[in-house]
Amino acid sequence: MVRAACAEAGIAPERTIMIGDTIYDAEMARGAGASAIGVSWGYHPLEALVAAGAHVVIDAFGELVTISRG
């Protein structure tokens with residue numbers, strides 16, 4: 001789905017960030033070559049999100065403005 005969304009938007013997956021609350025979101029992003037940001041208030045715990053490939057896990061939406069892709 002990430003690759004399809006990127007193709008439709010005309011942007012490379014490498015320039016894309018997926019934000020999600022499950023390990024499946026992180027795995028899907030990484031599988032497509034995109035970055036993954038996990039959110040701590042969702043279905044899977046922080047440790048699981050990181051293990052699935054989330055580059056970072058945030059605790060509040062406001063933290064998005066301070067994250068740079070590393």
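Which residues of strand 1 point to one face and are buried, and which point to the other and are not? Let us keep that in mind as we go through the views. This is a predicted model, in which local features need pLDDT of at least 70 and side-chain atom pairs count only at pLDDT 80 or more, while totals for chains, interfaces and linings use all residues. Residues are numbered from 1 along each chain as its sequence is written, and side-chain values use heavy atoms, with hydrogens and water left out.

**View 1. The whole protein chain.** The protein chain has 3 helices and 3 strands; helices (H or I, at least four residues) and strands (E, at least two) are DSSP runs, numbered from the N terminus. Read along the sequence, they follow the pattern α-β-α-β-α-β. The radius of gyration is 12 Å, close to the 11 Å that the globule rule gives for 70 residues, so the chain is as compact as a globular protein of that length. Here the radius of gyration is taken over C-alpha atoms, and the globule rule is 2.2 Å times the number of residues to the power 0.38. Along the principal axes, the C-alpha atoms fill a box of roughly 30 × 25 × 20 Å. Of the 70 residues, 34% are buried, where buried means under 20% relative accessible area, exposed over 50%, and partly exposed in between (1.4 Å probe, protein chains only).

**View 2. Strand 1 and its two faces.** Here is the reply to the opening question: in strand 1 (residues 17-20), Met18 and Gly20 point to one face and are buried, while Ile17 and Ile19 point to the other and are not. Strand 1 pairs with strand 2 (residues 35-39) in the parallel sense over 4 bridges; two strands pair if DSSP finds at least two bridges between them. Across this pairing, Ile17 stands opposite Ser35, and Met18 has Ala36 as its bridge partner.

**View 3. Strand 2, covered on both faces.** In strand 2, 5 of its 5 residues are buried. Ser35, Ile37 and Val39 lie on one side, with Ala36 and Gly38 on the other. Look at Val39, a residue of strand 2: at 6% relative accessibility, Val39 counts as buried. Not counting residues up to four places away in sequence, Val39 touches Ile19, Gly20, Asp21, Leu49, Val57 and Ile58, and contact means heavy atoms within 4.5 Å. The C-alpha atoms of Val39 and Gly62 are separated by 12 Å, with the two residues 23 apart along the chain.

**View 4. Helix 2 and what it packs against.** Which residues of helix 2 (residues 23-32) are buried? They are Ile23, Asp25, Ala26, Ala29 and Ala32. An α-helix has 3.6 residues a turn, so residues three or four places apart point the same way. The buried residues of helix 2 pack against helix 1 (2-9), strand 1, strand 2 and helix 3. Just after helix 2 comes Gly33, with a positive phi of about 90 degrees.

**View 5. Gly53, a buried loop residue.** Gly53 sits in the loop between helix 3 and strand 3 (56-58). Is this residue buried or exposed? At 12% relative accessibility, Gly53 counts as buried. Leaving aside neighbours within four places in sequence, Gly53 is in contact with Ala26, Arg30 and Ala36. Measuring from C-alpha to C-alpha, Gly53 and Asp21 are 12 Å apart in space and 32 residues apart in sequence.**View 6. Glu47, an exposed helix residue.** Glu47 belongs to helix 3 (residues 46-51). With a relative accessible area of 58%, Glu47 is exposed. From C-alpha to C-alpha, Glu47 and Val57 are 9.2 Å apart in space, and 10 residues apart in sequence.

**View 7. Ile67, in the segment after strand 3.** Our last stop is Ile67, found in the segment after strand 3. Ile67 counts as partly exposed, at 28% relative accessibility. Which residues does Ile67 touch, not counting residues up to four places away in sequence? Ile67 touches Ile37, Val56 and Ile58. Ile67 and Ala29 are 38 residues apart in sequence and 17 Å apart in space, C-alpha to C-alpha.
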